[in-house]
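Q: I should like to learn how a protein model is read, feature by feature. Where should one begin?

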Amino acid sequence: MPRFFSLASAVCTAILSLHAAALPAHQPRAVSDVSSAELSSYTPFTQFARAAYCAPTLIRDWTCAACSELPGFQPVLTGGDGDATQFYFVGYWPSQHAVVVAHQGTDPTQFLAVLTDIDIPLTNLDETLFPGVPSNVQVHAGFAAQHAQVAPLILTNVKSLLESTGATNVFTIGHSLGGALAELDGLFFSLNLPSSVHVKAMTYGTPRVGNPAWAAYFDSKVSDFKRINHASDPIPIVPGRGLGFQHPHGEIHILDDDSAVACPGDDDATDAECTIATVPNVFVGDIIDHLGPYEGIFLGAVDGLCV
């Protein structure tokens, strides 16, 4: 596992909570209810996020448990070892006339530890991968390095599929670390594909990826974005805003009764039903909520997930 996934000390967690407490309060803004029909419409994307945890051998043959819920999908590229490089796959989804890119997540207990480390470097994006990105846009250095390992190969396959199928949509999907990679993909594809291609990003239990400039730039380039959080999952509140991180728009918060609300703004919705109010610090979070359920589906290292 890369160095940035090593365990961090409990002292770092305590200091992070102090950073969070020192942030200025925001004015509450109204949330909106998410209908059951809209929640149901997310289910196929959740199944793709579930499939991303499965070994490439199962994905190549499209024989994983989640695969049976997505008949007709045609994988063309699989990779990763689940360690130094997360599993990933690229394929064509005929029913949606879309190319799908999905990334695996990671062990949430180790992930929480590293994301509460106060020594988390922010870095500028590689302009060869993100052409034209402003110099003040910065992201988590570990996420950027993980993304860069496979981004060129994935882009080549996405372009090839768009040309061979005539698809007009690219969907990028992931949970946990995979969600961070999918968020990076959202901007990556928006900057590297023709404007006629619609890019949609759907993430689950995603940590903060970059700084406020990242959030603002992402908002301007990726309008079709949902980041779905479940109940008291602490992963979406780390790394802390006091450490210079901020989510972009698109929060959907699934509540304890499995209903959901859409929270406005960029990581500043202080309504009691939104994540930063529900989980003000990691000590009141519940890491089990990171696994879901999301629309009734569990994600992550869950027995029976793939077979």
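A: Begin with a term that will be needed shortly: a residue is called buried when its relative accessible area is under 20%. Please also keep in mind that this is a predicted model.

Q: What is the mean pLDDT of the protein chain?
A: The mean pLDDT of the protein chain is 88, and 86% of the residues reach 70 or more. Residues 1-27 must be treated separately, since pLDDT stays under 50 there. The model has 43 contacts beyond four places in sequence for residues 1-27. Where pLDDT is low, the predicted coordinates should not be read in detail.

Q: Which residue in the loop between β11 and α9 has a positive phi although it is not a glycine?
A: The residue is D267, with a phi of about 65°. D267 is found in the loop between β11 (260-262) and α9. Its relative accessible area is 6%, and because the cut-off for buried is under 20%, D267 counts as buried.

Q: Where does S176 lie, and is S176 buried or exposed?
A: S176 lies in the loop between β7 (169-175) and α7 (177-192). Phi of S176 is near 65°, a positive value in a residue other than glycine. S176 has a relative accessible area of 0% and is therefore buried.

Q: How many salt bridges does the structure hold?
A: The structure holds two salt bridges. In one of them, K200 pairs with D224, and the closest N and O atoms are 3.1 Å apart. K200 belongs to strand β8 (residues 198-204) and D224 to strand β9, so this pair ties together parts that are 24 residues apart in sequence. Both K200 and D224 are buried.

Q: Which side chain meets D267 in a salt bridge?
A: The partner of D267 is R208, with an N to O distance of 2.5 Å. D267 is in the loop between β11 and α9, whereas R208 is in the loop between β8 and α8 (212-221), so the pair ties together parts that are 59 residues apart in sequence. Both D267 and R208 are buried.

Q: Why should one look for groups of nonpolar residues in a protein?
A: In soluble globular proteins, nonpolar side chains tend to be buried together. Here the largest nonpolar core has 42 residues. Those that touch the most other members are L125, F130, I154, V158, F189 and W214. At least two residues of this core come from each of β3 (88-93), β4 (98-103), α6 (141-165), α7, β8 and α8. The element that gives the most to this core is α6, with nine residues.

Q: Which residues does F189 touch, not counting residues up to four places away in sequence?
A: With those neighbours left out, F189 touches V101, I154, L155, V158, V170, T172 and V199. There is also a second, separate core of 35 residues, which includes Y42, I59, W93 and M202.

Q: A peptide bond may be described by its omega angle. Which peptide bonds here are cis?
A: The peptide bond from V238 to P239 is cis, with omega near -15°. P239 is found in the loop between β9 (224-230) and β10 (251-254). A cis peptide bond also joins G292 and P293, where omega is about 15°. P293 lies in the segment after α9 (275-278).

Notes
Residues numbered from 1 in each chain as written. Predicted model: local features only at pLDDT ≥ 70, side-chain atom pairs only at ≥ 80, totals over all residues. Heavy atoms only, no water. pLDDT = per-residue confidence, 0-100. Contact = heavy atoms within 4.5 Å. Helix = DSSP H or I, 4+ residues; strand = E, 2+ residues; numbered from the N terminus. Buried < 20%, exposed > 50% of the residue type's maximum accessible area, 1.4 Å probe, protein only. Salt bridge = Lys/Arg side-chain N within 4 Å of Asp/Glu carboxyl O. Core = buried A, V, L, I, M, F, W, Y, C linked by side-chain atoms within 4.5 Å.
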